[in-house]
Amino acid sequence: MEEGSSKPSNSSWDKIRNLKHITMEGYKRKPISHWILLALSIVAMLVAFPASSLLTRVYYSNGGASKWIISWVAVAGWPLTALILFPSYFFLDSSPTPLTFKLLVSYVVLGFLSAADNLMYAYAYAYLPASTAALLASSSLAFSALCGYFIVHNKLNASMVNAIVIITAAMAIIALDSDSDRYDYVTDHQYTMGFIWDILGSALHGLIFALSELVFVKLMGRRSFHVVLEQQVMVSFFGFVFTTIGVIVNNDFEGMASEARSFKGGKSSYILVLVWSAITFQLGVLGGTAVLYLASTVMAGVLNAIRVPITAIAAVILLHDPMSGFKILSLLITFWGFTSYIYGNSSASSEDSPS
């Protein structure tokens, strides 16, 4: 093998230096308001999403039982996003995206898939500790990469493939250690189903992410802040409609009264848990949307990597989740997988940049 054959070529280094120069120059031109909004968005992602996950677990551990109600709560806060969208038309001097038939159908389909995804995660959190559910949900990154490759034709390099293998190995470690963190009132069958529903929900989440990107590319042809908000509002709205139908058919609205009476802490605690679950989930969504627009998908990937251990550690501290050596190992491997994916994503971006 020739000396230095494993090192990047001069042209590759030139591309990387050029990308860094362009990035730094772009950052220098950003006003202080940009950084303030980005900082708030990062805090929203790192605080709101873990809080929403913990509140879901609190609902089940304190006497809640309905999977449909938790699914409904996840999208019931969609008007909060709409309250941000409508003023953006005036402040950003923009107009609403024309609602074509194809775009409407895409919103309905994505809304239905979103409702199904929330229901799967509701089953997962009903039977699994929050730390375990969060670790398993991190597999959505691997599914996003695969779906993006096959549906949107995104690049998939060696580092990304490595990340998929690593995250899969982390999930296998959790499966082998299932006896250490199973609640006493959860049967083996329920724990297994919670595990399966979490993985299926992560797979569906990856599909939704790829289809959303396809909508931007094929139907909208642009990706601005208000366009991203428009899609989020419409998808959440139709997800809310489908979930509301499910709650009504399952008679869970009628069961909320009795559930509130038997809830640990009483009716007021029951209402607070559901209301804050809705608020924190939407704040997390808004934060993620803003980070994608203000920074990059790589930054969003970094934050997703960080919020997994935040959720797991917070669950151990606040909810006294069991944390075995295998789960700690799985957490470290998952973080390694995220890092590998982010590196691969950065490399792909540098290759696409002009030399």
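Q: Is helix α6 buried or exposed in this model, and how many of its residues fit that description?
A: It's a predicted model, to be clear. In it, eight of the eight residues of α6, residues 130–137, are buried, so the helix is largely enclosed by the rest of the structure.

Q: Which residues are those, then?
A: The buried ones in α6 are Ala130, Ser131, Thr132, Ala133, Ala134, Leu135, Leu136 and Ala137.

Q: OK, over to the surface. Which residues make up the nonpolar patch there?
A: That patch is formed by Ile32, Trp35, Ile36 and Leu40, and together they have about 420 Å² of accessible area.

Q: Where does leucine 40 lie?
A: Leucine 40 is in helix α2, which covers residues 32–61.

Q: And why does leucine 40 count as exposed?
A: Because its relative accessibility is 57%, and exposed means over 50%.

Q: Switching to charges: how many salt bridges does the structure hold?
A: Just one. Arginine 182 pairs with aspartate 188, and their closest N and O atoms are 3.0 Å apart.

Q: Is arginine 182 buried or exposed?
A: Neither, really: at 28% relative accessibility, arginine 182 counts as partly exposed.

Q: Last one, helix α10. How many residues does it have, and what distance does it reach?
A: Helix α10 has 25 residues, 225–249, and reaches 36 Å from its first C-alpha to its last. That's close to the 36 Å expected at 1.5 Å a residue.

Q: What about asparagine 251, just after α10?
A: Asparagine 251 takes a positive phi there, about 60 degrees.

Methods:
Residues are numbered from 1 along each chain as its sequence is written. This is a predicted model: local features need pLDDT of at least 70, side-chain atom pairs count only at pLDDT 80 or more; totals for chains, interfaces and linings use all residues. Side-chain values use heavy atoms; hydrogens and water are left out. A salt bridge is a side-chain nitrogen of Lys or Arg within 4 Å of a carboxyl oxygen of Asp or Glu. Buried means under 20% relative accessible area, exposed over 50%, partly exposed in between (1.4 Å probe, protein chains only). Helices (H or I, at least four residues) and strands (E, at least two) are DSSP runs, numbered from the N terminus. The expected span of a helix is 1.5 Å times one less than its number of residues. Patches are made of residues with over 30% relative accessible area and no salt bridge: like charges are joined within 9 Å, nonpolar side chains (Val, Leu, Ile, Met, Phe, Trp, Tyr) within 5 Å. Accessible areas come from the Shrake-Rupley method with a 1.4 Å probe; for residues, only the protein chains shown count as cover.
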